[in-house]
Amino acid sequence: MVSRPRTSRHTVDGSTFRVISSPGPDPRVASPLFVLVHGIGMSHRYLARLHEALSSTAPVASVDLPGFAGLPKPEADHGVAEMADALAELLARLADRPVVLVGHSMGAQWAVETARRHPALVAHVVMIGPVADAARRSVRAQSLALALDSLVESPRANAIVFSDYLRCGVPWYLTQLRHMLAYRIEEAVTELTVPCLVIRGGRDPVAGREWCRRLRDATPRGALVEVPGRPHVVQDSAPDAIAEAILAHMTASLSHPGSR
């Protein structure tokens, strides 16, 4: 029987993180920790179904980043690099071995930058619906893509997204949006030394198919999985499929450590 998630708070250089953790089916087994990172404006809530699916196999920690999910805004601006460094310090506290870092949307940027800057802390990177698609790298294009996505998301997903945006607040959202559009994830992934899996929903208007292929091809040890018929928040609408894809890629990477 899987234990109920436990919530804790952690302060890193004055910034507050919230961590929702599950020990997995057998805490005595030394499994890698899965760490789930939300995207811009969001929280752990839209990762909850994936969290539950993965926790039946291994320990999982879903992270609320500083300034999001009702947490205090950092006094200083946090670009992608600064957030990645703070996240790395948190990872060092949470696990005694390299983690599987899973990021959705802008969370993919924070995951990639953490793995790039602190490779000893990360064993595997998963990017779900990664941004910002080079074909949509403007405020107008991103706004249009998100509006289109809201038309195909479930009422549940839309309710979580919109309420989390309200909790985040416009000033912090716009600050992070500036960083999101400036970050060149397609360049950062070329420096990754660990296996990297890209996942997108087949109906995702935010992270296009060709963009995700480009990221896969730019990564030294990359793969791409597309879940047919699913929108941007694919981890909420198809959590079991996402969990299976992640576990399968990890197994394949262990079996063929030098291959793509």
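Helices and strands here are DSSP runs, numbered from the N terminus. With that in hand, Ala76 is easy to place: look in the loop between strand S4 (60-64) and helix H2 (80-94). Keep in mind that this is a predicted model. The chain has 10 helices and 8 strands, and its radius of gyration is 17 Å, close to the 18 Å that the globule rule gives for 260 residues, so the chain is as compact as a globular protein of that length.

**Overall build**

- The C-alpha trace spans about 50 × 40 × 35 Å along its principal axes.
- Of the 260 residues in the chain, 55% are buried.
- Take the contacts between residues at least 6 apart in sequence: 79% of them join residues at least 24 apart.

**Surface and charge**

- The accessible surface of the chain adds up to about 11,000 Å², and carbon and sulfur atoms account for 55% of that area.
- The chain carries 28 positive and 25 negative charges, and the mean positions of the two sets sit 3 Å apart.

**Nonpolar cores**

- The largest nonpolar core has 51 residues. Leu65, Val112, Met127 and Ile185 are the ones with the most contacts inside that core.
- If you set aside neighbours within four places in sequence, Met127 still has plenty to list: its contacts are Gly103, Ala108, Val112, Ile185, Val189, Cys196, Leu197, Val198, Ile199 and Leu215.
- Another core, of 28 residues, lies apart from the largest one; among its members are Ala53, Val227, Val233 and Ala238.

**His232 and Ser105**

- His232 belongs to the loop between strand S8 (222-227) and helix H9 (234-237). Its relative accessibility is 4%, and anything under 20% counts as buried, so His232 is a buried loop residue.
- Not counting residues up to four places away in sequence, His232 touches His104, Ser105, Gly129, Asp149, Glu153, Asp204 and Val206.
- Ser105, one of those partners, lies in the loop between strand S5 (99-104) and helix H3 (106-117). It is buried too, because its relative accessibility is 9%.

**Backbone oddities**

- As background, most residues other than glycine have a negative phi, and most peptide bonds are trans. The next few items go the other way.
- Ser105 has a positive phi of about 60 degrees, although it is not a glycine.
- Asp13 also has a positive phi, near 50 degrees, and is likewise a residue other than glycine. You'll find Asp13 in the loop between strand S1 (6-12) and strand S2 (15-22). With a relative accessible area of 79%, Asp13 is exposed, whereas Ser105 is buried.
- Val131 and Ala132 are joined by a cis peptide bond, with omega at about 0 degrees. Ala132 is in the loop between strand S6 (122-128) and helix H4 (139-150).

**Back to Ala76**

- Ala76 has a relative accessibility of 47%; exposed means over 50% and buried under 20%, so Ala76 counts as partly exposed.
- From Ala76 to Leu215 is 31 Å in space, C-alpha to C-alpha, and 139 residues in sequence. Leu215 is one of the residues in contact with Met127.

Key: Residues are numbered from 1 along each chain as its sequence is written. This is a predicted model: local features need pLDDT of at least 70, side-chain atom pairs count only at pLDDT 80 or more; totals for chains, interfaces and linings use all residues. Side-chain values use heavy atoms; hydrogens and water are left out. Helices (H or I, at least four residues) and strands (E, at least two) are DSSP runs, numbered from the N terminus. The radius of gyration is taken over C-alpha atoms; the globule rule is 2.2 Å times the number of residues to the power 0.38. Buried means under 20% relative accessible area, exposed over 50%, partly exposed in between (1.4 Å probe, protein chains only). Contact means heavy atoms within 4.5 Å. Accessible areas come from the Shrake-Rupley method with a 1.4 Å probe; for residues, only the protein chains shown count as cover. Lys and Arg count as positive and Asp and Glu as negative; His and the chain ends are not counted. The place of a charge is taken as NZ of Lys, CZ of Arg, CG of Asp or CD of Glu. A nonpolar core is a set of buried Ala, Val, Leu, Ile, Met, Phe, Trp, Tyr and Cys residues joined through side-chain atoms within 4.5 Å.
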